[in-house]
Amino acid sequence: MPATLKLGLPKGSLQESTFELFKKAGWSIKSSSRSYYPSVDDPELEIMLSRAQEMARYVESGVIDCGLTGNDWVVESGCKVKKVADLVYAKQGLRKVRWVLAVPENSKFKTVKDLKGKRIATELVNVTRKYLKDNKINAAVEFSWGATEAKPPELADAIVELTETGSSLHANKLKIIDTVVESNTVVIANPACLANPWKNEKLQNLILLLQGALVAETKVGLKMNVIKTRLSSIIKLLPALQTPTIAELSNSAWVDVDTVVDESTVRELIPQLKKAGARGIVEYPLNKVID
C-alpha cells in the first residue's frame, strides 16, 4: 500500500466549487450524494467530506492530516491547527466572504452601539461575542441552527450572517450595518502532518497546483503572429505575466508571440493588437498558472 495523505474537503455550499478547483488542478473527484468518502484518481490521497464547521476539530485530533475550510470556522473552533495556505474562492466566485451584522430594514438600529441589551442570532457565536466585546457592547448572542435570516424581528433583534453578495439579506428585508469579519478558504494541517516529510511535500505540491488553478481562473493565453518590424509596438501593448515568448516562424520576417494576460483586459487588448499589426490572434483558456 502506498503512503497516503488524509485530506478533508468541505461538504455543503463549498463542495461543488472545491471539486471544480481540484479538477483544474489535476484531480478528478467523484462522490455520490450520500457518500462522505469520495473517490479520487490519486492513490496517494484519501478524501473525507466534512462540514466546514467541524474540519478544524478533525484535523486537530488527527482523524485527518489536513483540510480545506473557512478561516472563520478555524477561529470559531479555537482548535490548534496550522494554517498552511490561503485559497481565495467561495461558492459564487474568487472572492472573500463576509460575516455581517444585519437588522430589519425598518428598524431604528444604525450601528452596533444601538444593540446594547438586544438579542443577536448567529452560527458564529464565539467570533460574534469577541466582536461585541471589542466594541464594548453587552448583548445576548444566541446560537442559530439555520434559517437565521428569518429570525428578525420576532426571534432576534439582529443577526450575524455569512454573505457573498448581500442579495439574500436584501430579499429578507434586512440591511447590513457592519462587517464583523472577512473570511476565505484556507488549508489547515496538524503538526504531525507537517513534521512528516512525505506528507508535507505532498501537501505543498497539492497547494502549489490549487493556487496555480486559482490564478488561471482570471488569466487567458494569447498567441499571435507578428511581423518583426511591428514587434516592439506589439510588446508595448502586452501586460505580460513575465515577458512574452517569441519564436521564429518558417517565414523569417515573422515571429510567433505567446503570452498570458488578465482575462478582463482582453476585449480592449485584442482590437489594439490587431490595429498594431498582429495577425492570427488566438485566445485560449488556462488550467494552471505557476509563477
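**Exercise 1.** Which residues does Lys 288 touch, not counting residues up to four places away in sequence?

*Solution.* Before we start: this is a predicted model, where local features need pLDDT of at least 70, side-chain atom pairs count only at pLDDT 80 or more, and totals for chains, interfaces and linings use all residues. Residues are numbered from 1 along each chain as its sequence is written, and side-chain values use heavy atoms, with hydrogens and water left out.

Step 1: find Lys 288 in the segment that follows strand E16 (279–284). Strands (E, at least two residues) and helices (H or I, at least four) are DSSP runs, numbered from the N terminus.

Step 2: look for contacts, meaning heavy atoms within 4.5 Å. You'll get Lys 24, Ala 25, Gly 26, Leu 209, Gly 212, Ala 213 and Ala 216.

Step 3: take Gly 26 from that list. Gly 26 and Lys 288 are 262 residues apart in sequence, yet their C-alpha atoms are 9.1 Å apart in space.

**Exercise 2.** Work out how the five-stranded sheet is ordered.

*Solution.* Step 1: read off the order, E4-E1-E5-E12-E6, in an open sheet with mixed pairing. Two strands pair if DSSP finds at least two bridges between them.

Step 2: check the edges. Strands E4 (45–51) and E6 (82–87) each have a single partner strand, so one side of each has no neighbour in the sheet.

Step 3: zoom in on one pair. E1 (residues 5–11) and E5 (residues 66–70) run parallel, joined over two bridges. Gly 8 has Gly 67 in E5 as its bridge partner.
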